[in-house]
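Student: Could you please take me closely through one part of this model, namely the surroundings of the bound ligand? I should like a connected account.

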Amino acid sequence: MIPKEARNYLETRLKKGRVICLTGAGISSESGIPTFRGKDGLWQRYKPEIYGTAEGLISVLKTQPKNMVNYLVDLYSFLLKARPNPAHLALSVLEKEGILNAIITQNIDNLHQAAGSREVIELHGNAFRIRCMRCNKTITLEKDRISEMLRLLKVSQDSRIKLLKIFSRYFPRCTCGFRYRIDIVFFGEILPQDELSRAYAELSNCNTLLVIGTSLAVFPAAELPLYAKERGAKLIEINDVPTALSHSCDYKIIGSAGKVLTEVLSILKN
Ligand code: NAD
């Protein structure tokens, strides 16, 4: 599946290390999380300009609380069940072997960490974390607690007052006085600047950037591969279809991320 020239590069250059990975929703599709714009994706049922923005969600809560509950139940139904797939696991092996320095991910699903990866830079936050809106202190949102919240929301979905009470219990006030919110980046919001700075620092100093399962339609993540290329990195794209980045890549590998990365590991073992 991996073309000969790409295979040669992997055999000779990848072992030299300083590899960075940029991942998107496609790497988690084999874990059962549909890409948002794909066939079963959330944006087929929920308008992204409403459900993908903080203001949109607040207005849905005010005017159509049932829809808000349905959206959260749908979003978390995939995230709660998902487990790391061979692609996530292969990247964690590459890190342990000292080949991969860091993963920059646009995903919010926590699956890289669940697979054992340690250096994970999250550009769009994490759906299993809440963050204070003023001081940015974060707290992990355990799976059991999310399931419990969804159960309560479902039985209270006809009453906006009850829903607000449930939300204030699971998104409490911080010691600084401000409220916690889900730690994911909505459309139109600024990315966490410390994570973005870490991403640029890693990309300034890498030999190879693996771009996996992303259409690169979302900025500023879409700019990162060319930033790395301008600083001398080789770009390898792994995707099940060609993307807008494909023509700028040194090597293109078309296929599912799980299969391709399993093959990459076996090439490196030989
Ligand atoms: P995208 O949906 O725009 O692109 C995904 C790409 O992966 C597509 O080109 C698709 O053809 C490809 N793909 C799908 N399955 C694949 C597989 N098995 N192997 C290889 N490639 C595969 O995703 P994006 O570029 O990450 O942008 C979407 C935004 O939505 C991101 O900001 C992300 O935060 C968010 N999102 C996150 C998750 C998640 O956390 N798992 C899921 C959906 C969306």
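Tutor: For the classes used here, Ala, Val, Leu, Ile, Met, Phe, Trp, Tyr, Cys and Pro count as nonpolar, Asp, Glu, Lys and Arg as charged, and the others, Gly among them, as polar. The model is a predicted one. By these classes, the shell around the ligand consists of 14 polar, 9 nonpolar and 3 charged residues. Of the 26 residues around the ligand, those that come nearest are Gln106, His124, Thr214, Ser215 and Asp240.

Individual polar atoms can be located as well. In the side chain of glutamate 30, an N or O atom is 2.9 Å from a nitrogen atom of the ligand. Two backbone partners may be added: a polar backbone atom of alanine 257 is 2.9 Å from a nitrogen atom of the ligand, and an oxygen atom of the ligand lies 2.8 Å from a backbone N or O atom of isoleucine 108. On its own, the ligand has 850 Å² of accessible area, of which the protein covers 88%. The space that the ligand takes is the largest pocket.

The wider setting follows from the division of the chain into domain 1 (1-32 + 84-124 + 191-270) and domain 2 (34-81 + 127-184). The ligand lies between domain 1 and domain 2, because both give residues to the shell around it. The centres of the two domains, taken over C-alpha atoms, are separated by 29 Å. Domain 1 and domain 2 also touch directly: 8 residues of domain 1 are in contact with 9 residues of domain 2.

How values were computed. Residues numbered from 1 in each chain as written. Predicted model: local features only at pLDDT ≥ 70, side-chain atom pairs only at ≥ 80, totals over all residues. Heavy atoms only, no water. Near = heavy atom within 4 Å. Polar contact = N/O pair within 3.5 Å; in protein donor to acceptor, adjacent residues only side chain to side chain. Areas by Shrake-Rupley, 256 points an atom, 1.4 Å probe, with all protein chains shown as cover. 1 Å grid on protein atoms, 1.4 Å probe; cavity = no way out; pocket = protein on both sides within 12 Å on 5 of 7 lines; lining within 4 Å. Sits in = over half its atoms within 2 Å of the grid points. Domains from an automatic or database assignment. Contact = heavy atoms within 4.5 Å.
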